Amino acid sequence: MGETNLREKKGGLSCRSIAHRGLSAEAPENSLLAFELAGQRGVWGIETDVHATADGALVCIHDDTVDRTTDGTGPVREMTLEQLRRCRIDRGRGLERCEDRSIPTPTTYLDVCRRYGAVAVIELKGLVDINEVRAVYEAVRGMGMEERCMCISFQIERLRDLRALTKDIPVQLLTEGGSRATVDRAAALGNSGIDFRTTKTGLSLPAYAHQKGCTVNVWTVNWDFRKRMWAQAGADFITSNRW
């Protein structure tokens, strides 16, 4: 993926900034507006969650159902893309500014990332096999974003599936509570890192991760003093709702 000069400078931070589900403190999460605002803010990366649909398509939504964030009801995996297109995002900050309330597809999201020069940070969410991972990979390739992408997941099997397809896209293993054992698992993937919840992990873990050749991403860090704290501890990326 290479280095980039798009780094967050507020408060003297030198680690790379990732907008969690887009700029979700100012727009509904995973909406086109949230992605656009993140791009306009000049963040290093824009994160989204990708689920598979009943007919083999992909959509950008966090939950495995549409109930919490849209006016629809039901599991994403049991709905077709056409059914999901009829759902409208109906909650979140800045909803009144959200002209396009449809659930975005990866192509729409990747187009925003490409236009603003942001890295696409894609969480492989609830995917069940290599064929669904391949669909994400092909969407990235189709938009010419292989060198501007990073994939993350709680499911190490899905990261291994991606590794079977390409060694070029960086991956990060998501974990609620980071540990040395989790770092070791992530390191075995190659071109990899660990992505952990800060409230359940000690400040000493980044140093061990770096010893193992892993990058370090921390989530979800919304306050400037905590961003500075984790930057000083060695985090390479900070994922936040606020930039």
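**Exercise 1. Find which elements form the right-handed β-α-β unit, and see how its last strand is placed in this predicted model.**

*Solution.*
Step 1: Start at strand β8 (residues 215-219), pass through helix α8 (residues 224-233), and arrive at β9; together these make a right-handed β-α-β unit.
Step 2: Now look at how β8 and β9 pair. They run parallel and are joined by 2 bridges; N217 has F237 as its bridge partner in β9.
Step 3: Strand β9 has a further partner, β1 (residues 16-19), which runs parallel to β9 and is joined to it by 4 bridges. Here I18 is matched with T239.
Step 4: Finally, check the faces of β9 (residues 237-240). F237 and T239 lie on one side, I238 and S240 on the other, and all four are buried.

**Exercise 2. Work out which residues touch the most other members of the largest nonpolar core.**

*Solution.*
Step 1: This core has 58 residues, and the answer is I46, Y109, L110, I122, L124 and V218.
Step 2: Pick I46 and skip its neighbours within four places in sequence. Its contacts include F35, Y109, C113 and V121.
Step 3: Don't stop there! Another core, of 10 residues, lies apart from this one, and I61, V66, V76 and I103 are among its members.

**Exercise 3. Decide how the chain's compactness compares with that of a globular protein of its length.**

*Solution.*
Step 1: Count the elements: 8 helices and 9 strands.
Step 2: The radius of gyration is 17 Å, close to the 18 Å from the globule rule for 243 residues, so the chain is as compact as a globular protein of that length.
Step 3: Add the burial: 56% of the 243 residues count as buried.

Conventions. Residues numbered from 1 in each chain as written. Predicted model: local features only at pLDDT ≥ 70, side-chain atom pairs only at ≥ 80, totals over all residues. Heavy atoms only, no water. Core = buried A, V, L, I, M, F, W, Y, C linked by side-chain atoms within 4.5 Å. Buried < 20%, exposed > 50% of the residue type's maximum accessible area, 1.4 Å probe, protein only. Contact = heavy atoms within 4.5 Å. Pairing = 2+ DSSP bridges. Right-handed = clockwise from strand over helix to strand, strands pointing away. Rg over C-alpha atoms; globule rule 2.2 N^0.38 Å.
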